[in-house]
Every structure is written in C-alpha cells, then in structure tokens.
Amino acid sequence: MPYLTWMADVLRDAGLRVVEVDGWQSRGNRRGMSDVRGVLLHHTGGSGAGNFPALNYLIQGELPAKPPPVANLGLARDGTWYTIGAGLASHAGRGKWPGIPTDNGNPHLIGVEAQSTGKGDWTPEQLESYPRGVAALLRHLGLPADRAIAHKEWRPGDKIDPAGWPGDINGFRDTVRAYLEDDMPLSDQDIYRIWDFKAHELNNPAAVHSAAVWLVGANMGAWQAEKQLVGLRTAVEKLAEAVGSAQGVNPDDLKKAISDAIAEAAPPALAAPGNGEG
Ligand SMILES: [Zn+2]
C-alpha cells in the first residue's frame, strides 16, 4: 500500500510550481494506494472567485460520504499544483475504464481536482499546467496517454468533469501524448518557462527551496548585476569624456578619480583582497 511521495518532485522536475500541503506525504483514507494505473481528471465546481477556494474541502472532506482527502492533487487557477494526499483519496466513486477494476478506482487512480466552475473558465495557466503535470505523472509511472481519464468517462451520464476543455478530453489527451512522445530537446521557450517558474518559487514562502532553485536564482541575479555594472561603467566613461573636454580637464584623470572613489567606497574585502584587518 504505497504512499505516492514522489509526486512533488516529479511535478517540479517538469518545470511546474508545487505547494506541498502540510502532512500530505502520510495523508490517505486509512491506507495508501494500490498499484497506480492511471490519472483521473476532475474539476472542483464551485466559486468563480479566488485562486483555490476548494483546497480546504479537498483536504478535510465531508464525513461520512467523503472521507478525506478528496483528491491526491489539486490544481489552482494560477497553474500551481498542490500535493494534498499521497495515500488513498475519495474521488472516483463508481465507474469503469479498460484496465482499471470496475467500481474500485480510488486505489488505482491518482485523483486530480482542478479549480474550475465547470463552465469552461480554464485559465491560460491551467491550460498549460494541467496536461503538462498529468504527462509528468504518467511518464513516471510508465503509463500511456490513454490512462489520463476524465471523470465523465469513468462514470458517463452522471459526471461532466472536467468540463469545457478546449478539444474536450481527446484534446487534453493529445497534449499529454505530445509531451510523452516528445524526446526532442527543450525549445528556448520551454527553458525560459522553466526558469521563470523556478525564479517565481524564490518568492513563494510555501515552496521548499531546493539548492537547484537557489542556484538558478543566484545565477540570474549575478547575470543581471553584471549587465548593470557594464552599463554603469560605460556611462561613467562617457560622462568623464564629456565633462573632461568641456572643462579642459584630462578625461583619463577624471576616470581615475572616479574609479579611486568607487574603490574607497567598496567593502575592504572587494577593494583590497587580503587586507581585511581593521
Ligand atoms: Zn469528479
């Protein structure tokens, strides 16, 4: 009865933002999962306002009909994934699909609840993040795209979720399949997007900052600082030329004076290595 504690890392490695809900690694309805054979796709319904108003319900459930958790994973409107429960969750209900035990989906299907009213109000971030995350989960499990299953396919006639996806659920699966079959190197746009997500995590106090995230942030900071420094140096030199020739002063003397002043103002360790006493 495994607990799917790998989910956060797998989603992060796909370039996605992840919030780990406290205690998610051991949260399950009395037990862990059985062998996982697919991902069941839901929408939450409910409010059109807020980033993830359904989150508390998904964590706490509603006894006795819905013992917590009500999903293994959540997807907020801003595209952030929430790890809610690594063990058994109450989401599938009765239904059937090839390869999954009939009326017994919960132990075999990772349940994802995405915040949406059910009127097709998916955000651009969700349209990007939902299939990308599902593909990452299936890739980790070694399962094909047709194991991304809509709740309305699991229980047709009764369920409608996830509703209003562009191209409907086959469109969703096509996107998942493209990710799974894509062995080509990442495009510049993909790399930029991953960096952008990683940089965003630096400002997210709920995220666990891996060393890699810190390193990316530090590199980007250093790169920015270097660019600014080069710009500043050029500006100072141009200013020295202009002021020097206008005032009849040697521009080189002026540049040296400025550079001496900067060295004096800089911290001793930077201005004069090895002379840190004082
Ligand atoms: Zn559902």
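1. Trp-81 has contacts, beyond neighbours within four places in sequence, with Leu-11, Leu-16, Arg-17, Val-18, Leu-73, Leu-75 and Gly-133. The model is a predicted one. Trp-81 sits in strand S4. It is classed as buried because 26 other C-beta atoms lie within 10 Å, and the cut-off for burial is 20 or more. Trp-81 and Val-112 are 31 residues apart along the chain, and their C-alpha atoms are separated by 9.4 Å.

2. Overall composition. The protein has 278 residues, of which 33% are buried. Its secondary structure consists of 9 helices and 6 strands. Of the contacts between residues at least 6 apart in sequence, 67% join residues at least 24 apart.

3. The nonpolar core. The largest nonpolar core holds 50 residues, and Val-39, Val-112 and Val-134 have the most contacts inside it. Helix H3 is the element that gives the most to this core, with 6 residues. In soluble globular proteins, nonpolar side chains tend to be buried together. Which residues does Val-39 touch, not counting those up to four places away in sequence? They are Leu-109, Ile-110, Val-112, Val-134, Leu-137, Leu-138, Arg-147 and Ala-148. The list thus includes Val-112 and Val-134, both named above among the residues with the most contacts inside the core.

4. Helix H3. This helix covers residues 124-141, 18 residues in total. From its first C-alpha to its last it reaches 27 Å, close to the 26 Å expected at 1.5 Å a residue. The buried residues of H3 are Gln-126, Ser-129, Tyr-130, Pro-131, Gly-133, Val-134, Ala-135, Ala-136, Leu-137 and Leu-138. Gly-133 is also in contact with Trp-81, while Val-134, Leu-137 and Leu-138 are touched by Val-39. Just after the helix, Gly-142 takes a positive phi of about 70 degrees.

5. Packing of H3 against H5. The axes of these two helices come within 9 Å and cross at roughly 55 degrees. H3 and H5 are therefore oblique to each other, and H3 passes H5 in a right-handed crossing. On the H3 side, the residues that meet H5 are Pro-131, Arg-132, Val-134, Ala-135, Leu-138 and Arg-139. On the H5 side, they are Phe-172, Thr-175, Val-176, Tyr-179 and Leu-180. An α-helix has 3.6 residues a turn, so residues three or four places apart point the same way. Of the H3 residues in this interface, Pro-131, Val-134, Ala-135 and Leu-138 are buried.

6. Cis peptide bonds. The bond from Leu-63 to Pro-64 is cis, with omega near 0 degrees. Pro-64 belongs to the loop between helix H2 (55-60) and strand S3 (73-75). Asp-161 and Pro-162 are also joined by a cis peptide bond, with omega about -5 degrees. Pro-162 is in the loop between helix H4 (151-154) and helix H5 (168-181).

7. Positive phi outside glycine. Arg-30 is not a glycine, yet it has a positive phi of about 70 degrees. Its place is the loop between strand S1 (18-20) and strand S2 (38-43). Is Arg-30 buried or exposed? Arg-30 counts as exposed because it has 8 C-beta neighbours inside 10 Å. Asp-103, likewise a residue other than glycine, has a positive phi near 60 degrees. It lies in the loop between strand S4 (81-83) and strand S5 (109-114). Asp-103 is exposed because 12 other C-beta atoms lie within 10 Å, and 12 or fewer is the limit for that class.

8. Helix H7. This helix spans residues 211-247 and contains Met-220. Met-220 counts as partly exposed because it has 14 C-beta neighbours inside 10 Å. Ala-199 is 21 residues from Met-220 in sequence and 8.6 Å from it in space, C-alpha to C-alpha. Val-236 lies in H7 as well. It is partly exposed, with 15 other C-beta atoms within 10 Å. The C-alpha atoms of Val-236 and Lys-255 are separated by 7.7 Å, and the two residues are 19 apart along the chain.

Notes:
Residues are numbered from 1 along each chain as its sequence is written. This is a predicted model: local features need pLDDT of at least 70, side-chain atom pairs count only at pLDDT 80 or more; totals for chains, interfaces and linings use all residues. Helices (H or I, at least four residues) and strands (E, at least two) are DSSP runs, numbered from the N terminus. The expected span of a helix is 1.5 Å times one less than its number of residues. A nonpolar core is a set of buried Ala, Val, Leu, Ile, Met, Phe, Trp, Tyr and Cys residues joined through C-beta atoms within 7 Å. Two residues are in contact if their C-beta atoms, placed from the backbone, lie within 7 Å. Axes are lines fitted to C-alpha atoms, for helices over the stretch in contact, and angles run from 0 to 180 degrees between N-to-C directions. Angles under 35 degrees count as roughly parallel, over 145 as roughly antiparallel, 65 to 115 as roughly perpendicular and the rest as oblique. A crossing is left-handed if the near helix is turned anticlockwise from the far one by less than a right angle, and right-handed if clockwise.
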